Amino acid sequence: MTKYEVLKRYFGYSSFRTGQETMIDAIMAGRDALGIMPTGAGKSICYQVPALLLSGITLVVSPLISLMKDQVQALNQAGIHAAYINSSLTEGQVAKALRLAAGGQYKIIYVAPERLETYGFLQFAKAAPISMLTVDEAHCISQWGQDFRPSYQKIVPFVKQLENRPVVSAFTATATTEVKDDILCVLGLRQPEVLVTGFDRKNLYFAVEKKRRKDAYVMDYIRAHEGESGIIYCATRKNVDQLYERLVAEGIPAARYHAGLGNQQRQQSQEDFIYDRALVMLATNAFGMGIDKSNVRYVLHYNMPQSLENYYQEAGRAGRDGEPSECILLYSPQDVMINRYLIEHKEEPELLDEEQRQAVRERDEKRLWAMERYCMTLQCLRQYILRYFGEQAGPDCGNCSNCRQEFEEVDITEQAVQIIRCVQETHQRYGINVIAGTLAGSDRAKLRDYGVSALSSYGSLSHMTEPAVKQMMNHMLLEQDLAVTPDKYALVKLTAQAVQILNGERRVIQKHPKAAAQEMPEQMAARNSAKAAAMRRSDILNSRGLELFEQLRSLRTQIAREESLPPYIIFSDKVLVDMCVKAPLRKEEMMQVNGVGEHKYEKYGERFLEKIYTFGNGVREKYYFGGAGETTELFTQAKSVEKKVDFYLTNTQAEQFPYGQQYLAANLAEALNSLRDPKKVKKISGAEIYRMMQAKDYAYERKVDGKWQKIITPQGAQAGLFIGTRLSKTGNEYEDIYYNEHAQRMIVAEFVRHE
Ligand code: ADP
Ligand code: ZN
């Protein structure tokens, strides 16, 4: 089998995504490989396809039990023999799995790192043909990452004990250079193929909301996204519990997860969420590693996290299936204080000496500061993130809250000069709070202690509120007109640009959101973004298509219950959307749906076919909008479906036409379409037939009493068109054009192409 055949047969995909082939080719050529790709990019395929092509067994080291279970379930569903070995199994089960593995039963075996050095496992591995060792979530090996796992250091000694060194491949979504270098070095990869793909997640919408009433916002948001699955991250257990009580009281199916809950309860919550029994997950950052759930439609952050690394990882759990999803951060200045407190009181491993501790602290401060700026910036949020991770930023994305916001520009150079003077006057020894308080002329005990009221800049911006002054300073920080020291004191410093401003060589322009938008009440904001999200699946599917989608979704839920599997393991939302687009009525057509492989077809294909068939009464309707719009993968597919020739019939086909007494344009179209060759020929619609009649001057429209009415010309009447009454869906009578047999023959003749 070729890699393409493996991809189609087991995973149901017809082409590789960016980067996947590079990794697969390297591995197949016997090289080590490191793939750094964002969540949802499709890392699993990068090692699973080679695993099926290589002669021996592939071991996958994975940090979490839930992750292994999920992957193995998915593989088994695809008809691939895989198993996992970890502490969730009893000793007997482990022994049995190893026995089966030794007998060549499994192509892919997931294993916890702790397991590698156990006697039983080592015995097995030494005797078995191990073709590849894959390290999943490879950043766990780095002390720089937030998920450092000492047990990952057992990997290298393990490999050394094998007689034949297998290919070693490693994958992670963590992008920083420190982590990358660590992985390369600690794993001892040999002349590896290192692939770092773009970190942009185009299907995610990013937003920062500054809401005073966060609870209200969250409640509105969840209501506006009824039926969709989402995660809400909170900074503290208390927040989680409070919100949880509230949601449950309102009858919203929610689950919660934090370190204060017992093991069993956490397990239960996680499962409820994965199996779509609880749609909303309330959690601290303890939740999520290894959650592979692909249909998470939104991730809300109730509080600002400690770093963009954390934020992007958590937010990135939205939309793994590539469908439009939202990542919204609810910011309040208090979050910064909470985080600073957490950093200062962080438990540090004993092994750090004073210098190291200082370095860690500085790093954390820098990260927090970058996170805070993310919440403040008025630039494109996506660009901000990508630049932070060291990527070249492209043009504004148009799909974040800043890109969607209209701004007006205000020249604040005069105020900036006052701010700079104040920083100068205080010898760059204070933080933003003291400077802003001084400028606004506040009378706080702390300020009195510092004796700032004696300064000439005291109260020089007293016409402004203190938060407004802070906002200006933040803007100047973003523009690098000011800087802060990267320590917990965050002292404000002047930059070269500040000097230019003082010299009148540089102006400071601040952007403000246009007033109307700023005043938008909580609910409206929530609903607006909800509408934006809802718009997007419906960008692809028309109303019938959305109806069909719902039916397929409930069929999936039913099957999931029967099989005790998470719904998305059966088919992801994205696959269901593609089914609606392609509307298959036969097996070969179903196999064209992206994500339907042979094994899945055998198990579920017919039930889905049947649903689609009955939904359209055996007729293939068009359930999607073809045409311009975002070029999502689905659109490109939709367009390629459209790459057919315009409607025509052959002579023989035309002879089959079931002429009748009177047809509406829509009936005519349906009858015509049923005769064509659907593989090569596009459909014709009733509207197109009507336009044809207009072009022939057989009919036109005229406004009568404010309503458009269809009128038939004398030529039209002669050709066999006539006006009749029909009933609308709402029960009103209205007039429409009918076509008698004569007219039908004329129209059929229009479409005959002699071959
Ligand atoms: P990662 O591990 O990088 O976060 P996954 O391996 O979980 O990503 O893949 C994310 C989603 O993309 C999965 O639903 C997967 O089936 C899908 N996918 C992967 N490769 C392809 C492909 N070549 N074509 C279409 N879908 C793909
Ligand atoms: Zn943007």
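Here is a short chat about a predicted model, covering two sheets and the site of ligand 1.

Reader: Let's start with the seven-strand sheet: in what order do the strands sit?
Author: Seven strands make up this sheet, and the sheet is open. Their pairing is parallel. Going across, the order is β3-β4-β2-β5-β6-β1-β7.

Reader: Which strands are at the edges there?
Author: An edge strand pairs on one side only. Two strands fit that here, and they cover residues 82–85 and 193–196. So we're talking about β3 and β7.

Reader: And how much does that sheet twist from one strand to the next?
Author: The figure is an average, taken from one strand to the next. For the sheet that has β3 and β7 at its edges, the twist comes to 15 degrees.

Reader: Zooming in on β3, which residue is the bridge partner of Ala83?
Author: β3 runs parallel to β4, residues 108–111, and four bridges join the two. The partner of Ala83 sits in β4. That residue is Ile109.

Reader: Which helix lies across β1, β5, β6 and β7?
Author: Two helices are worth checking against this sheet. Helix α6 (residues 119–127) lies across β2, β3, β4 and β5, at about 145 degrees to β2, so that set of strands doesn't match yours. The helix you want spans residues 177–187 and runs at about 160 degrees to β1. That's α8.

Reader: On to the ligand: how many residues surround ligand 1?
Author: Among the closest are Tyr13, Gly40, Lys43, Ser44 and Arg320. By type, the shell divides into five nonpolar, six polar and three charged residues. The full count is 14.

Reader: Which helix gives the most to that shell?
Author: The top contributor supplies three residues. This helix covers residues 43–53, and Lys43 and Ser44 are listed with the closest residues. The helix is α3.

Reader: What is the distance from an oxygen atom of ligand 1 to the side chain of Tyr13?
Author: Two contacts use a nitrogen atom of the ligand: a backbone N or O atom of Ser15 lies 2.9 Å from one, and a side-chain N or O atom of Gln20 is also 2.9 Å from one. With Tyr13, the ligand atom is an oxygen, and the protein side is an N or O atom of the side chain. The distance is 2.5 Å.

Reader: How much of ligand 1 does the protein bury?
Author: Taken alone, the ligand exposes 570 Å². The protein's share of that is 85%.

Reader: In the six-strand sheet, which residue stands opposite Ile231?
Author: This open sheet is parallel, in the order β8-β13-β12-β9-β11-β10, with β8 and β10 as its edges. Within it, β9 (residues 229–233) and β12 (residues 296–301) pair over five bridges. Opposite Ile231, in β12, stands Val299.

Reader: Last one: at about what angle does helix α10 run to β10?
Author: Helix α10 takes in residues 237–249. It lies across β9, β10 and β11. Its angle to β10 is about 165 degrees.

Note on methods: Residues numbered from 1 in each chain as written. Chains lettered and ligands numbered in written order. Predicted model: local features only at pLDDT ≥ 70, side-chain atom pairs only at ≥ 80, totals over all residues. Heavy atoms only, no water. Axes fitted to C-alpha atoms, helices over the stretch in contact; angles between N-to-C directions. Contact = heavy atoms within 4.5 Å. Near = heavy atom within 4 Å. Polar contact = N/O pair within 3.5 Å; in protein donor to acceptor, adjacent residues only side chain to side chain. Areas by Shrake-Rupley, 256 points an atom, 1.4 Å probe, with all protein chains shown as cover. Nonpolar A, V, L, I, M, F, W, Y, C, P; charged D, E, K, R; others polar.
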